[in-house]
Amino acid sequence: MAQDSPNDVIKAYLQDAIAAERNFETQLRQFAREGENELVQRMFLQHADETRLQHERLSARLKAIGGSPSTMKSILAHLLGAAPKAGQLFHDESERTVQNLIIAYTVENSEVAMYEALAIVAAAAGDSETEELARSIQLQERQTADKVWSQIANAARTSFIKLERREAAGEEARRAG
């Protein structure tokens, strides 16, 4: 079994990051079309644009070190990326925004960890350019996670109030009917 060179390891980490970012860009654009909270929709759309720029920067770095994005990793990322949405099947439509925020917060924090690993591997291999890129994107992901976090409480409260009002209206209709 052949040993991977440090450059091959960095290429693999970059391919993973590109696949993850492409998948998350797709999810964010979908999230931006769901729910009723325009502020959150704009936040998702803005981060989708930032995510596109991130995977473009990662792709450029990968190309610079002699690699190319992995089609198979991108396909797998998109297939696996649909799994968190399956949990929404059991939630009311009014809860869509809060569920999307929870997914986004989880993904942002997993990306912070992913970029930590990339930065450490790049540093160990002496690839300061990839390390700096990873740290730069990691900082953006931390900031976005904080923005997403700041929206969860309000979205959950709003969702609960809508559900409570709908239930009260239904109860009133049953008594009147």
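Just past the end of helix α2, Gly-66 adopts a positive phi of about 90°. This turn of the backbone is a handy place to start a walk through the structure, which is a predicted model. The helix just before Gly-66, α2, covers residues 38-64. With 27 residues, α2 reaches 39 Å from its first C-alpha to its last, close to the 39 Å expected at 1.5 Å a residue. At the other end, where α2 starts, a side-chain oxygen of Asn-37 comes to within 3.1 Å of the backbone nitrogen of Leu-39.

A little further along the chain sits Ser-68, in the loop between α2 and α3, the latter being residues 71-81. Ser-68 counts as partly exposed, because its relative accessibility is 44%. Its C-alpha lies 9.6 Å from that of Ala-12, although the two residues are 56 apart in sequence. Setting aside neighbours within four places in sequence, Ser-68 is in contact with Gln-15 and Leu-62.

Next come the charged side chains. Side chains of opposite charge can pair when their charged atoms come close. The structure holds seven salt bridges, and three of them are described here one by one. Glu-25 and Arg-29 form a salt bridge in which the closest N and O atoms are 3.0 Å apart. Both residues belong to helix α1 (residues 6-31), and because they are four residues apart there, about one helical turn separates them. The two ends of this bridge fall into separate classes of accessibility: Glu-25 is buried at 12% relative accessibility, while Arg-29 is partly exposed at 24%.

Another salt bridge brings together the side chains of Lys-162 and Glu-36, at 2.0 Å from N to O. This pair links distant parts of the chain, with Lys-162 in helix α6 and Glu-36 in the loop between α1 and α2, 126 residues apart. Lys-162 is partly exposed, with a relative accessible area of 31%, and Glu-36 is exposed, with 61%.

Arg-61 and Glu-129 make a further salt bridge, their closest N and O atoms being 3.6 Å apart. Arg-61 lies in helix α2 and Glu-129 in helix α6, so this bridge ties together parts that are 68 residues apart in sequence. Here Arg-61 is the buried partner, at 13% relative accessible area, and Glu-129 is exposed, at 51%. Salt bridges that share partners also join Glu-25, Arg-29 and Asp-49 into one network.

Glu-25 deserves a second look. This residue of helix α1 has a side chain that also makes a polar contact with the side chain of His-55, at 2.8 Å. Not counting residues up to four places away in sequence, Glu-25 touches Ala-48, Thr-51, Arg-52 and His-55. Its relative accessible area is 12%, and since buried means under 20%, Glu-25 counts as buried.

Aromatic rings get together too, in two aromatic pairs. One of these, formed by Tyr-105 and Trp-149, is tilted, with 5.1 Å centre to centre and 45° between the planes. The pair links distant parts of the chain: Tyr-105 is in helix α5 (residues 96-124) and Trp-149 is in helix α6 (residues 128-176), 44 residues apart. As for how open these rings' residues are, Tyr-105 is partly exposed at 27% relative accessibility, whereas Trp-149 is exposed, with a relative accessible area of 54%.

That leaves the nonpolar interior. The largest nonpolar core has 16 residues, and those with the most contacts inside it are Leu-28, Phe-31, Met-43, Phe-44, Leu-101 and Ala-104. Helices α1, α2, α5 and α6 each supply at least two residues of this core, and the largest share, five residues, comes from α5. Met-43, one of the core residues with the most contacts inside it, touches Leu-101, Lys-147, Val-148 and Gln-151, leaving out residues up to four places away in sequence. Apart from this core lies another, of 15 residues, among them Ile-18, Tyr-115, Leu-133 and Ala-134.

How values were computed: Residues numbered from 1 in each chain as written. Predicted model: local features only at pLDDT ≥ 70, side-chain atom pairs only at ≥ 80, totals over all residues. Heavy atoms only, no water. Expected span 1.5 Å × (residues − 1). Polar contact = N/O pair within 3.5 Å; in protein donor to acceptor, adjacent residues only side chain to side chain. Phe/Tyr/Trp six-rings, centres within 6.5 Å; stacked < 30°, edge-to-face > 60°. Buried < 20%, exposed > 50% of the residue type's maximum accessible area, 1.4 Å probe, protein only. Salt bridge = Lys/Arg side-chain N within 4 Å of Asp/Glu carboxyl O. Contact = heavy atoms within 4.5 Å. Core = buried A, V, L, I, M, F, W, Y, C linked by side-chain atoms within 4.5 Å.
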